[in-house]
Amino acid sequence: CTLLQYRILRKIFMSDYKSEGNSSFKAGKFAEAVDYYTKAIEADARNPVLYSNRSAAYYELKQFDKAISDAKRSLELQPTSKAHSRMGAAYWAQQKLGQALTCYELALTLAPGDENVKSNISQLT
């Protein structure tokens with residue numbers, strides 16, 4: 001197997017695992033979603049969406065520290081409003097309201113029209 005073939009196979013596996021993770025998440029099977037997103041990350045550790053998705057699954061499992069860690073990793077790879085919002089939600093759940101507000105404010109700079117983010121900011125202020 002050549003290096004190119006290996007990379008193509010890894011992308012295929014990542015895509016399959018991500019799809020399975022999304023299906024598990026939608027079905028409310030959050031621990032299973034974490035497992036699939038973890039496998040997808042093993043196949044493509046530089047994909048920020050995978051960390052953001054796993055962050056959401058950890059949040060649903062009330063594993064807020066892990067949700068924050070994955071949101072931070074997603075942001076390191078590519079800043080997005082969604083990752084900032086996910087980190088904000090996890091901080092909010094931990095009653096770290098100042099940190100949550102900062103995350104939502106950063107999310108708003110990336111998506112100024114996001115009504116959910118605006119609503120969260122107004123609830124925190």
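In helix α7 (residues 115-124), K118 and E115 lie 3 residues apart, which means that about one helical turn separates them. These two residues form a salt bridge, and their closest N and O atoms are 3.5 Å apart. K118 has a relative accessibility of 35% and counts as partly exposed, while E115, at 53%, counts as exposed. As a word of orientation, the model examined here is a predicted one.

The pair in α7 has company, for the structure holds 3 salt bridges. Side chains that carry opposite charge can pair when their charged atoms come close. A second case is found in helix α4, where R73 and E76 are 3 residues apart and are therefore separated by about one helical turn. The salt bridge between R73 and E76 has its closest N and O atoms 3.1 Å apart. R73 is partly exposed, with 27% relative accessible area. Its partner E76 has a relative accessible area of 58% and is exposed, since the exposed class begins over 50%.

Helix α4 also takes part in the remaining pair to be described. Here the side chains of D70 and R54 meet in a salt bridge, with an N to O distance of 2.5 Å. This pair links distant parts of the chain: D70 sits in helix α4 (residues 64-77) and R54 in helix α3 (residues 48-60), with their positions 16 residues apart in the numbering. D70 and R54 are both buried, a class that calls for under 20% relative accessible area.

Attention now turns to charge on the surface. A patch of negative charge is found there, in which D16, E20, E32 and D35 gather. Two helices, α1 (3-26) and α2 (30-43), are the elements that give two or more residues to this negative patch. D35 has its place in helix α2. With a relative accessibility of 48%, D35 counts as partly exposed, because the partly exposed class lies between the limits of under 20% for buried and over 50% for exposed. A residue must have over 30% relative accessible area and no salt bridge to belong to a patch.

Taken by location, the charged residues described here fall into a few settings. The bridge between K118 and E115 belongs to helix α7, and the bridge between R73 and E76 belongs to helix α4. The bridge between D70 and R54 joins helix α4 to helix α3, and the negative patch draws on α1 and α2.

How values were computed
Residues numbered from 1 in each chain as written. Predicted model: local features only at pLDDT ≥ 70, side-chain atom pairs only at ≥ 80, totals over all residues. Heavy atoms only, no water. Salt bridge = Lys/Arg side-chain N within 4 Å of Asp/Glu carboxyl O. Helix = DSSP H or I, 4+ residues; strand = E, 2+ residues; numbered from the N terminus. Buried < 20%, exposed > 50% of the residue type's maximum accessible area, 1.4 Å probe, protein only. Patch = residues over 30% accessible without salt bridge, like charges linked within 9 Å, V, L, I, M, F, W, Y side chains within 5 Å. Areas by Shrake-Rupley, 256 points an atom, 1.4 Å probe, with all protein chains shown as cover. Lys, Arg positive; Asp, Glu negative; His and termini not counted. Charge placed at Lys NZ, Arg CZ, Asp CG, Glu CD.
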